[in-house]
Amino acid sequence: MRRTASLVLLACAVCCAALAPLLRWYAFPRLARVPAHQYQDMVLEARDATLLDYGTMRAKKVPKVTIVQTLKGDVEAARRIERTAGRPVVVWDGLSYVQGPDGKMVSKVPERYIFDAHSQDPVHATGEMVDGDPVRREGIEFKWPFLTRKRDYAYFDAQTRTTSPIHYRGTRSFRGLTVYFFEQTVPWTKVRMPKAMPVRGITPETVARTGTTRWYSTVRRFWVEPVTGAPVYGEEIHREELRGGTLLGGRAKVTAFAGHVKMREDYIAHTVAQVKHNRTLVLALTSYAPRGSLGFGLLLLALSLWLEARARRPRGPAPARPEEPAPVSA
């Protein structure tokens, strides 16, 4: 019985040992994915900002500028693209909506971002765009890969439609989480006018005829939880200018928007709570379950060897049988 039990335990130990790498290298890439139907929104604010008054074409100080960012997954589009891409795909329809202190629209820029559900690498397909203009993204946007590393990443900037490095600046603690801090500086760059303008009757084409151009610069910062690759906090030191042309009445430039944009507090708390929950799920696939399976397998192996050793242990000499008395002859 001991030898049979030993063989059964040995088989279970082998199964547990084989399960550990399967969980990490096979199950993890197939189960850790951004949901195709995900919907999320975020509110950012720039307090004591500078904003252009399009009525007077003069920059003025305002108490607050609000930026609402939404991301909505298009499941049908993702399934259609997956058929040709041959991998799981997520399609996010995003909108960045900027409004002034009076609640009126300053600008709104739609995006369609198509990427691999696990690696977050961009997937190029028809419909990829920023503000209606076709683009071909390189690098990440919005989210870092699962198990983010301490290195620089290529990050796509929607304003300039270009990709440049976002630099790893160190490890920090944020609201009870260990996070990686990333920073990207986009120098002054000439960019396109948004197609939705805040003044009725003014379009990018009418502005272009005046010779006035739009320029943009920003310092972008993210605090990224490395297990999930999700930013738990972000901010930008954002500046926009209009330069030259007859629209400015002879002035060389005027500030269109300048402010320190930060996530609103209630959205920070919600994001941190969500990331903590998702972090546990990812760690279960990459650490807890594989290590637990390997450790249990080693325990079963040790128990199997112990039973086998007990089964092979030599037994002591058998007790001597008493001699039968010899028959007595008469």
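**Close-up views of a predicted model**

**View 1. Leu-298 sits in helix 4.** Everything shown here comes from a predicted model. Leu-298 has 53% relative accessibility, so it counts as exposed, the cut-off for that being over 50%.

**View 2. Leu-298 has company in a nonpolar surface patch.** Its partners in the patch are Leu-7, Leu-10, Val-14, Leu-294, Leu-301 and Leu-305, and together they cover about 630 Å². Two elements, helix 1 and helix 4 (265-312), each give two or more residues to this patch. Helix 4 hands over the largest share, with 4 residues.

**View 3. Gln-38 lies in the loop that follows helix 1 (2-31) and leads into strand 1 (39-53).** Look for its side chain making a polar contact with the side chain of Gln-40, at 2.6 Å. Leaving aside residues up to four places away in sequence, Gln-38 also touches Leu-71, Lys-72, Gly-73 and Trp-92.

**View 4. Strand 9 (residues 177-191) pairs with strand 10 (residues 213-225).** The two run antiparallel and are joined by 10 bridges. To pick out one pairing, find Thr-189: its bridge partner in strand 10 is Tyr-216.

**View 5. Strand 10 carries on into a hairpin with strand 11.** Strand 11 spans residues 230-243, and 13 bridges join it to strand 10 in an antiparallel arrangement. Thr-218 is a handy place to start, with His-238 as its bridge partner in strand 11. Between the two strands there are 4 residues, and Gly-229 in the turn has a positive phi of about 75 degrees.

Note on methods
Residues are numbered from 1 along each chain as its sequence is written. This is a predicted model: local features need pLDDT of at least 70, side-chain atom pairs count only at pLDDT 80 or more; totals for chains, interfaces and linings use all residues. Side-chain values use heavy atoms; hydrogens and water are left out. A polar contact is a pair of N or O atoms within 3.5 Å; within protein, one must be able to donate a hydrogen and the other to accept it, and residues adjacent in sequence count only if both atoms are side-chain atoms. Contact means heavy atoms within 4.5 Å. Two strands pair if DSSP finds at least two bridges between them. Patches are made of residues with over 30% relative accessible area and no salt bridge: like charges are joined within 9 Å, nonpolar side chains (Val, Leu, Ile, Met, Phe, Trp, Tyr) within 5 Å. Accessible areas come from the Shrake-Rupley method with a 1.4 Å probe; for residues, only the protein chains shown count as cover. A salt bridge is a side-chain nitrogen of Lys or Arg within 4 Å of a carboxyl oxygen of Asp or Glu. Buried means under 20% relative accessible area, exposed over 50%, partly exposed in between (1.4 Å probe, protein chains only).
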